[in-house]
Structures are given as C-alpha cells and as structure tokens.
Amino acid sequence: MSDAHHEHGHHHREPESVLSLRVRALESLLVEKKLVASEAVDRIVGAYEQDIGPHNGAKVVARAWVDPAYKQRLLADGTEAIEELGFGGVDLKVVENRPGVHNMVVCTLCSCYPHALIGLPPVWYKSFEYRSRAVREPRVVLREFGVDLPESAEIRIWDSSAELRYLVLPERPAGTEGMSEAQLAEMVTRDAMIGVALVRSPAPAAR
Amino acid sequence: MTGATALPRKNGELVFDEAWQGRIFGMTVAMSHDASFEWREFQAQLIAEIAHAEREGASSSYYERWLHAFERLLADKGLVDPTALAERTHEFEAGHRDDVF
C-alpha cells in the first residue's frame, strides 16, 4: 500500500479497486476493438485457476521415473519429450537431481516459468527476495525451504528466460519401488520441480 | 530469516488474489495467442518494468507492474492509445460506465 494515500483528508478508494477499474476500462477498449474476446479471457483464467496445476509436470516426472528410455529423451530434449505426453508450447530443459547434485530454478529478471507444466508461479517465485537470493545464497534459501543439503553437494542454479524454461527432475525417493506411475505422480510437488523441495519417501504407515 | 523476509513455503496459495489480476493475465495470454504480439515482446516489457520499479524502490505489486508493461506494449504497438485508456478509466471511475465482464 502506498503511503501517498494517507496524505489526503477525504476518502479514497483502495489502490486495488483503482487498478481494478483501470483493468476493466482496458478490457472494455480491447473488446470494442475486437482485439480480445471476454469469453477467451474467461477460458484462460478458468484453465489456470482449475485445470493447469503442477500435475502436468508431475506426470512428466513420474513417467521419467518408471521409463528409463523416456527419461533419456526428456533430458536430451525436454521440449520434444513433453510433447509426447501432450504438453507443449514451451522450450524446456529438464535438469536432473542426483546424489551430490541439486538443481534449482529461478528467473532473476521477472517470472519466467513453465506454466503449461506447473501452472502459475507462486508469489515467492516472483519476489525480489527469491530472485536475488537464489543466486547469491542458494544453500541458505534451500534451508529456509526445509532442504538441508550436505556441504559436499553441488547446487546448480538455472536462470529461466522467455526463450528457455527449466524443470527439475527430482530424485525418486526410496520405498516407492512398488508404486504405479499414477501413484508416483501424486507425490511430486510443484516445489520439487522448481528445486526448492525434495520428494519425500512415503510414510510406511500410509502405504 | 523470519518474518517479512522469510520465503513462504506453502504449496496451495491462490492463483490470483483479486479478479482483475486474472483479467489482465488472461488478456495478455489471449492476445499473444491471437498474435497481436509475441509473448517475448511482452516479457521484455515486463522485465523492463520490474527492473525500473525495483530501481525506484516502488511498492507496486507484481500484477500492477504487469498491467503497466501490458499498457506500454499496447501503446507501442499502436493498439490502445494511452489517452483513450485514461478517458475510459475515468468513465469507469466516475460511474458513467459499468460494463460487466
């Protein structure tokens, strides 16, 4: 909230509703010029709110865990390999976590992110805090996310751009040998695919 | 680090805090699909806008910066005249217009 609003004696709208009015004015102009159809905007917003979440990316990860040949293709050419599963529209590089090597994705300039696979970026991903600190002190940031890596582990930071997005292929946790691809996909979180979380072994009691 | 500087960890936050954020996001995506502009052209505007706001120490929110970047792109492309937008916004503010989307 801007302090400027406290300087006036009379009532002002909250900045949010000023912005909201401006956006409505913009939409009304764009619709009038036939540059945008409100139904198309509805569809896109609805898709992002309901359908497009991290589960697309989770399916890609689970397939790579159960199918070594797919994993090879995925690491060699992420863009083509995700098209095999019906996801696309983005140039993608998949980076693999393995013992001693942890990958973490950031967009230092804005908020580039593989939307089609993991939805919209969380608030913290877009924050100046994360964008600056992920590069400067990744180990500390990871610890704040609850990921404590051994000192010997190498951390690789991938800076997304409008041209190329990154997705982390997390390590498949121990104790998941008997699980189906669908069960595995359920375990994969958005944060694990950004590289700020690990996929945890299932609790013995839960299986 | 704790408090305001701590990074939030939860997985399930809302996609859009307010409806207008979804509208501006949706308009940008829709127009890039229709090839009114290339997504990367918008991205370049957004990067510039964020860098500018951070240099100035502005308290503007992410989607506010998105809106500015989008407006600038539309103006640069000659698609929406800033004066026309200011006038239309004023009509909405004054309650002379109340299109519902």
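How many salt bridges does the rule find across the interface of chain B and chain A? Five. Keep in mind that this is a predicted model, and let's look at one of those bridges up close: the side chains of Arg22(A) and Glu71(B) come together at 2.6 Å, N to O. Besides the salt bridges, the interface has eight residue pairs in polar contact, with both partners at pLDDT 80 or more.

So what does chain B bring to its side of the contact? Helices α1 (19–33), α2, α3 (62–76) and α4 (82–93) of chain B each put in at least two residues. The top contributor is α1(B), with eleven residues. Sort that side of chain B by class and you get 27 nonpolar, 15 charged and nine polar residues.

Now step back to the whole interface. A common way to give the size of an interface is the accessible area lost when the parts come together. Here, chain B and chain A bury about 4900 Å² between them, and 65% of that lies on carbon and sulfur atoms. In terms of residues, 54 from chain A and 51 from chain B take part in the contact.

Finally, swing over to helix α8 of chain A, residues 128–136. Its buried residues are Glu129(A), Tyr130(A), Arg131(A), Ser132(A), Arg133(A) and Ala134(A). What do they pack against? Within chain A, the partners are strands β2 (101–106) and β3 (154–159), plus helices α7 (123–126), α9 (138–144) and α11 (190–194). Chain B joins in too, through α2 (39–56), one of the helices that also supply residues to the side of chain B touching chain A.

Note on methods: Residues are numbered from 1 along each chain as its sequence is written. Chains are lettered from A and ligands numbered from 1 in the order in which they are written. This is a predicted model: local features need pLDDT of at least 70, side-chain atom pairs count only at pLDDT 80 or more; totals for chains, interfaces and linings use all residues. Side-chain values use heavy atoms; hydrogens and water are left out. Buried means under 20% relative accessible area, exposed over 50%, partly exposed in between (1.4 Å probe, protein chains only). Helices (H or I, at least four residues) and strands (E, at least two) are DSSP runs, numbered from the N terminus. Contact means heavy atoms within 4.5 Å. Buried area is the accessible area (1.4 Å probe) that two parts lose on being put together, summed over both. A salt bridge is a side-chain nitrogen of Lys or Arg within 4 Å of a carboxyl oxygen of Asp or Glu. A polar contact is a pair of N or O atoms within 3.5 Å; within protein, one must be able to donate a hydrogen and the other to accept it, and residues adjacent in sequence count only if both atoms are side-chain atoms. Ala, Val, Leu, Ile, Met, Phe, Trp, Tyr, Cys and Pro count as nonpolar, Asp, Glu, Lys and Arg as charged, and the others, Gly among them, as polar.
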